[in-house]
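The notes below go through the strand pairing and the ligand site in turn. Please read them beside the model.

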Amino acid sequence: MTTANLDRQGFTEYPISDVHRLIEPGPVVMVSTFDGHRANLMTNGFNMPVAHGALIGLIVGPWDHSYDALRSTGECVIAIPSIDLAERVVGVGNTSGRDTDKWRRFGLTPSPATVVRAPLVAECFANIECTVADDRLVDDYHLWILRGERAWFDAAKRGAGEFHHRGDGTFSANASTVDLRDRMNKWHHLTR
Ligand SMILES: Cc1cc2nc3c(=O)[nH]c(=O)nc-3n(C[C@H](O)[C@H](O)[C@H](O)COP(=O)(O)O)c2cc1C
């Protein structure tokens, strides 16, 4: 079949430079690092699961102070905030640990992790202690493959749930849940 003469069905072209806004993947997270002297936080919207077994892909670039700590220690914590923390999370992503103690400035509380020296974020409902599993794509794409080592969850802090960056400073919250577990015939083992 050729599509050359088919009706465009209402589609107009979308800017190719903005397509990340359509597929902005995981929840907005904060990344906690410890450089040997000070703990720091950054905000991250480009993240995704890479494999079952806690492999996580995360974009952290050299424009971030956090990049140096991640490079030198090979460790971080991924902290998942609820949308109730959105304003503070955006503040964290618009200031640098080079000149700001963001824990103090944004009223966030470091809490000890067990495997890594970077602290958990007490206000977040989930925290994943991570080590760097693979840094081969960092130079080309700033893509770190992290391995979750231990994770912590506090349902009481989940509030209205995680939220997503739409790529332009607007955010969407998780809305309703559609339960289609009975249709996951090929992936039944995932639905337990
Ligand atoms: C909503 C949002 C999402 C962001 N996502 C990313 C990201 O995925 N990767 C990244 O390197 N920086 C991202 N940033 C930018 C960093 O959070 C920002 O550069 C921050 O100031 C880094 O802090 P640091 O210099 O203390 O490490 C994001 C910022 C915001 C506000």
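1. Two definitions come first: helices (H or I, at least four residues) and strands (E, at least two) are DSSP runs, numbered from the N terminus, and two strands pair if DSSP finds at least two bridges between them. The model is a predicted one, in which local features need pLDDT of at least 70 and side-chain atom pairs count only at pLDDT 80 or more, while totals for chains, interfaces and linings use all residues. Residues are numbered from 1 along each chain as its sequence is written, and side-chain values use heavy atoms, with hydrogens and water left out.

2. Strand β1 (residues 29–34) pairs with β2 in the antiparallel sense, over six bridges, and within this pairing V31 has M42 of β2 as its bridge partner. The hairpin of β1 and β2 has four residues between the strands, and G36 there takes a positive phi near 105 degrees.

3. A hairpin is also formed by β3 and β4, with three residues between them, and G53 in its turn has a positive phi of about 100 degrees. Strand β3 (residues 47–51) and strand β4 (residues 55–59) run antiparallel and are joined by four bridges, with L58 of β4 as the bridge partner of N47.

4. Strand β8 (residues 126–134) pairs in the antiparallel sense with strand β5 (residues 75–80) over six bridges, and it also pairs, again antiparallel, with strand β9 (residues 143–153) over eight bridges. In the pairing with β5, I128 of β8 is the bridge partner of I78, whereas N127 stands opposite W152 in β9.

5. Where does the ligand sit? The ligand occupies the largest pocket, a pocket being, on a 1 Å grid over the protein atoms alone, an open set of points where a 1.4 Å probe fits, with protein on both sides within 12 Å along at least five of seven lines; to sit there, more than half of the ligand's atoms must lie within 2 Å of the grid points. The elements that give two or more residues to the shell around the ligand are β2 (39–44) and α2 (65–73), and β2 supplies the largest share, five residues.

6. There are 23 residues around the ligand (a heavy atom within 4 Å), of which T43, D64, S66, T95 and G97 come nearest. The shell divides into eight nonpolar, 13 polar and two charged residues, with Gly counted among the polar ones.

7. Polar contacts (N or O pairs within 3.5 Å) involve the backbone at several points: a nitrogen atom of the ligand lies 2.9 Å from a backbone N or O atom of G45, an oxygen atom of the ligand is 3.0 Å from a polar backbone atom of F46, and a nitrogen atom of the ligand is 2.8 Å from a polar backbone atom of I59. The protein covers 86% of the 650 Å² of accessible area (Shrake-Rupley method, 1.4 Å probe) that the ligand has on its own.

Methods:
Polar contact = N/O pair within 3.5 Å; in protein donor to acceptor, adjacent residues only side chain to side chain. 1 Å grid on protein atoms, 1.4 Å probe; cavity = no way out; pocket = protein on both sides within 12 Å on 5 of 7 lines; lining within 4 Å.
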